[in-house]
Amino acid sequence: MSPPQFAPSARLDGKSRTTGASFVHISCSMARFMDQKRDETELFLPRFDAAGLVTAIVIDADHGRLLMVAHMNAEAIEHTRTTGRAHFWSRSRGQLWRKGETSGNELVVEDMLVDCDQDALLLRVRPAGPACHTGRRSCFYRRVESDGRLTFLGDHAQG
């Protein structure tokens, strides 16, 4: 039995308020076609969740240490690609934000990698300061112990 054939179709669905970048609405048949081909294509076709987000894992480009995990929508990805600075979607505030826009602790993106089914991104960055809003180098500064307690880690052990 041969695999089902899909008739891809797409239409322009709007523009970013801040960059003017166009967004495309895809049909269900095109989405199924793209899901089958994501691991084989040279095209960047992010698979967003129902909220329009992909998970972004952020690591230090020099040391490989985990700095933070955040979420990106299409607009955050576009801003990141065009500016070279990490932008994310804040689920709690419901808005786009550039890491470091108030603190100055920007994340300069060296590399953006996508996983096999294009539903997660890995950003290799050069941090201009602490990555965590608490002032710590990494957002992963506590270890969960077997009894459920949290142990705070020093900078050298974070991430």
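**Exercise 1.** Which residue in β4 does Ile57 stand opposite?

*Solution.* Work in the predicted model.
- Step 1. Locate the strands: β3 covers residues 54-60, and β4 covers 66-72.
- Step 2. Check the pairing. β3 and β4 run antiparallel and are joined by six bridges.
- Step 3. Read off the partner: Ile57 stands opposite Val69.

**Exercise 2.** Place β3 and β4 in their sheet, and find the edge strands.

*Solution.*
- Step 1. Write down the order. The sheet is open, has four strands and reads β4-β3-β8-β7, with mixed pairing.
- Step 2. Find the edges. β4 and β7 (107-114) each have a single partner strand, so one side of each lacks a neighbour in the sheet.
- Step 3. Add the twist. On average, neighbouring strands are turned by 25° against each other, direction ignored.
- Step 4. Add the helix. α2 (residues 74-83) packs on this sheet and touches β3, β4, β7 and β8 (120-127). The direction of α2 makes about 125° with that of β4.

**Exercise 3.** Describe the hairpin of β5 and β6.

*Solution.*
- Step 1. Pair the strands. β5 (residues 87-90) and β6 (residues 95-98) are antiparallel, over four bridges.
- Step 2. Pick a bridge: Ser90 has Gln95 in β6 as its partner.
- Step 3. Inspect the turn. Four residues lie between the strands, and Gly94 takes a positive phi near 65°.

**Exercise 4.** Is Gln158 buried or exposed? What does its side chain contact?

*Solution.*
- Step 1. Locate Gln158: it sits in the segment after β10 (150-152).
- Step 2. Apply the cut-off. Buried means under 20% relative accessible area. Gln158 has 3%, so Gln158 is buried.
- Step 3. List the polar partners. The side chains of Gln158 and Asp155 share a polar contact of 3.0 Å. A polar atom of the Gln158 side chain also lies 3.5 Å from the backbone nitrogen of Arg137.

Notes. Residues numbered from 1 in each chain as written. Predicted model: local features only at pLDDT ≥ 70, side-chain atom pairs only at ≥ 80, totals over all residues. Heavy atoms only, no water. Pairing = 2+ DSSP bridges. Helix = DSSP H or I, 4+ residues; strand = E, 2+ residues; numbered from the N terminus. Buried < 20%, exposed > 50% of the residue type's maximum accessible area, 1.4 Å probe, protein only. Polar contact = N/O pair within 3.5 Å; in protein donor to acceptor, adjacent residues only side chain to side chain. Axes fitted to C-alpha atoms, helices over the stretch in contact; angles between N-to-C directions. Contact = heavy atoms within 4.5 Å.
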